[in-house]
Amino acid sequence: MNAASTPPTSPVEDLELTALNGANPLGFLAALGTLLTLHKAGHSGVRLGWKLQSHWTPVIRGVNTYDKAVLTASIANCLRGNTVSADAGDLRDAAQKKFDAAKKKVTNKVKEIKDRKLSRAEKKEADMLELAPLQATMTELRTASLQALKLAVPRKELAVGKTINCTREDYRELAADSIACAALEDREFADYLAAFGSDGAVFTNSETIMPTPFCFISGAGHQYFLESARELTEKATSVTVDEAIFGPWPYHDEKYSLRWDPGEDVRYALLAENPSTVAPLGTVWMANLLAYCALPLFASAPGCGGYLETTAWHRKNRQVTFTWPLWEHPLLPDAIRSLLQYRALHELKHPERKARGVTAVFTSERIQVGKYFNFTPAAYSL
């Protein structure tokens, strides 16, 4: 048989994402985000499974190419999103400053009226004549700020703002927009909003929606959840993507961490010296951004007691935990979504899990340390 008649070599069946560890919540979420990003990039048949080696390694099957350079370039291009002009960013910043100034005036006026110790009738009149016009201006500038933000973000869902603290009305407006542009082949915007929260679950005495429990940063250290995601889109390159999914993780990146890596939990009890004197652990930018891209698989809805219920999250008294499965046979995103929504998964015994194709289940608790949130190291569920 000559070379011309030799059949082509079949492609590698599985591609291992060697840097990602399924026993780490950040690694697990980054693997899911990689899967969804590949689908968005046109690899419609790609599936994800897990293999136990030195750690739980994700394997993908069904990509259009097994050339790592081509693959990482494709992922990076999707992660960057739409190009945003410098003018759009300037207009967004200007609109935000005007809104912030108007909001401060409202806050100051509320305090000023309260300090006068007016009678009920006098306070009602002051609210109507002095406070109401300022609130109307603030609402108008808030709308203008949101419109400017929509034109200045690389991804539609980032128009929610710096973090997930929009009002019920703002959320409904964005949800209506997401529904209007949703299609069977592209419902990403709507899925992100469904993950972020619900207009049926708001904070007591407030019209602000409760955010997904994945929202670990909301202003502490001047870092915000969605703003960090937006900043991370600008860091997406073939090199940073390759580093995140094939590794090893160098931990040399600074800022823009979503705090989903348990290694970022720095406390006295976990160190031999004062945490403030220890050089902070770096992060891996694209691992965080790919993990963020997994959120469409974790829908939220109003639950009992007025709390927001989110896929794979469980609340018992004051303890809030994230539970996730690993599976051997590669699955498409819709099958994974169904598996994640099986709430009793963490209660099943090993034989019952195995019958459903699940090889391992991990649980990590969301804890608050000072003004920061962190995941605890994952516990294997027997």
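# A guided reading of the predicted model

Guide: In helix α9, the buried residues are Trp285, Met286, Ala287, Asn288, Leu289, Leu290, Ala291 and Tyr292. Please bear in mind throughout that the model is predicted.

Visitor: How many of the residues of α9 are buried?

Guide: A residue is called buried when its relative accessible area is under 20%. In α9, 8 of 8 residues are buried, and the helix is described as mostly covered.

Visitor: What covers the buried residues of α9?

Guide: The cover includes α1, α2 (68-80), α6, α7 and α8. Helix α7 spans residues 225-233 and holds Arg230.

Visitor: Is Arg230 buried or exposed?

Guide: Arg230 has a relative accessible area of 13%, so this residue is buried. Once neighbours within four places in sequence are set aside, Arg230 is in contact with Arg92, Ala152, Val153, Pro154 and Leu158.

Visitor: How should a pair of aromatic rings be read?

Guide: Such a pair is described by the distance of the centres and the angle of the planes. A search of the whole structure finds 24 aromatic pairs. One of the pairs is formed by Phe28 and Trp327; their ring centres are 6.4 Å apart and their planes stand at 85°, so the arrangement is edge-to-face.

Visitor: Where do Phe28 and Trp327 lie?

Guide: Phe28 is in helix α1 and Trp327 is in strand β7 (residues 319-327). The two are 299 residues apart, and their pair links distant parts of the chain. Both Phe28 and Trp327 are buried.

Visitor: Which kind of pair do Tyr192 and Tyr292 form?

Guide: Tyr192 and Tyr292 are stacked, with 5.3 Å from centre to centre and 25° between the planes. Tyr192 belongs to helix α6 (residues 188-196) and Tyr292 to helix α9 (residues 285-292), so the pair ties together parts that are 100 residues apart in sequence. Tyr192 and Tyr292 are both buried.

Visitor: Which ring does the charged end of Arg315 sit over?

Guide: The charged end of Arg315 sits over the ring of Tyr307, 4.2 Å from the ring centre. A further case is Arg142, which lies over the face of Phe99 at 5.5 Å from the centre of that ring.

Visitor: Which residues of α4 and α5 meet?

Guide: Arg142 appears again here: with Leu146, Gln147 and Lys150 in α4, it meets Asp170, Glu173, Leu174 and Asp177 in α5. Helix α4 (residues 120-150) packs against helix α5 (residues 168-180) at an angle of about 35°, and their axes are 12 Å apart. The crossing of α4 and α5 is right-handed.

Visitor: How are the strands of a sheet to be read?

Guide: Strands of a sheet pair through backbone hydrogen bonds, either parallel or antiparallel. One open sheet here has 3 strands in the order β1-β3-β2, with antiparallel pairing. Its edge strands, β1 (15-16) and β2 (47-52), each pair on one side only. Helix α1 (residues 25-40) packs on this sheet and touches β2 and β3; its direction makes about 150° with that of β2.

Visitor: How many bridges do β2 and β3 share?

Guide: Strands β2 and β3 (residues 56-61) pair over 6 bridges in the antiparallel sense. Gly49 stands opposite Val59 in β3.

Visitor: Which strands pair with β8?

Guide: Strand β8 (residues 358-369) is joined to β7 by 8 bridges, and the two run antiparallel. Phe322 stands opposite Ser364 in β8. Strand β8 also pairs with β9 (residues 372-375) over 4 bridges in the antiparallel sense, and Gln368 stands opposite Phe373 in β9. With β10 (residues 379-380), β8 pairs over 2 bridges, again in the antiparallel sense; there the bridge partner of Phe362 is Tyr380.

Visitor: How should backbone angles be read?

Guide: Most residues other than glycine have a negative phi, and most peptide bonds are trans. In this model, a cis peptide bond joins Gly247 and Pro248, with omega about 0°. Pro248 lies in the loop between α8 (238-245) and α9.

Visitor: Where is Lys255 placed?

Guide: Lys255 is in the loop between α8 and α9. Its phi is near 60°, a positive value in a residue other than glycine. Lys255 is exposed, with a relative accessible area of 54%.

Visitor: What is the phi of Asn317?

Guide: Asn317 has a positive phi of about 55°, although it is not a glycine. Asn317 is found in the loop between β6 (313-316) and β7, and at 71% relative accessibility it counts as exposed.

Conventions
Residues numbered from 1 in each chain as written. Predicted model: local features only at pLDDT ≥ 70, side-chain atom pairs only at ≥ 80, totals over all residues. Heavy atoms only, no water. Pairing = 2+ DSSP bridges. Contact = heavy atoms within 4.5 Å. Axes fitted to C-alpha atoms, helices over the stretch in contact; angles between N-to-C directions. Phe/Tyr/Trp six-rings, centres within 6.5 Å; stacked < 30°, edge-to-face > 60°. Buried < 20%, exposed > 50% of the residue type's maximum accessible area, 1.4 Å probe, protein only. Lys NZ or Arg CZ within 6 Å of the ring centre and 35° of its normal. Left-handed = near helix turned anticlockwise from the far one by under 90°.
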